[in-house]
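Reader: Could you walk me through this structure and show how each label follows from its definition?

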Amino acid sequence: MQDILQTIIENLVDNREAVSIEKIEEDYKEIYKVKVAPEEMGKVIGKQGKIASSIRTIFKSLGAKEHKKIEVEFVD
């Protein structure tokens with residue numbers, strides 16, 4: 001799952017080396033914290049948060065398939 005998220009984020013930004021994803025696992029929940037270069041955060045979030053919302057929707061549906069709750073957070 002983390003590989004899919006990594007691929008999506010790396011294709012949105014120019015500086016691929018600055019992308020880092022931290023995975024935190026709890027009982028039935030996975031949280032992915034995505035960090036990118038500060039100047040590229042806008043590319044990942046998109047206008048009015050549409051890209052970030054789409055990414056979260058994809059991972060919620062993937063999580064439902066595996067009976068897990070998956071959250072994607074974008075941190076500075």
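**Strands and a helix, checked against definitions**

Author: Let's start with β1 and strand β2 (residues 29-35), which pair in the antiparallel sense over 6 bridges. This is a predicted model, where local features need pLDDT of at least 70, side-chain atom pairs count only at pLDDT 80 or more, and totals for chains, interfaces and linings use all residues. Residues are numbered from 1 along each chain as its sequence is written, and side-chain values use heavy atoms, with hydrogens and water left out.

Reader: What makes β1 and β2 a pair?

Author: Two strands (DSSP runs of E, at least two residues) pair if DSSP finds at least two bridges between them. β1 and β2 have 6 bridges, so they satisfy that definition. One of the bridges joins Ile-24 to Ile-31 in β2.

Reader: Why is one side of β1 and of β3 left without a neighbour in the sheet?

Author: The 3 strands form an open sheet with mixed pairing, in the order β1-β2-β3. β1 (20-25) and β3 stand at its edges with a single partner strand each, so each has one side free of a neighbour in the sheet.

Reader: How do you know that the span of helix α3 agrees with its number of residues?

Author: A helix is a DSSP run of H or I with at least four residues, and its expected span is 1.5 Å times one less than its number of residues. For the 16 residues of α3 (residues 50-65) that gives 22 Å, and the end C-alpha atoms lie 23 Å apart, which agrees.

Reader: Which residues of α3 are buried?

Author: Ala-52, Ile-55, Phe-59 and Gly-63, where buried means under 20% relative accessible area, exposed over 50%, and partly exposed in between (1.4 Å probe, protein chains only). They cover an arc of only 75 degrees around the axis, taken from the directions from the helix axis to the C-beta atoms, which puts them on the same side of α3. On the other side, Lys-50, Thr-57, Lys-60 and Lys-65 are exposed.
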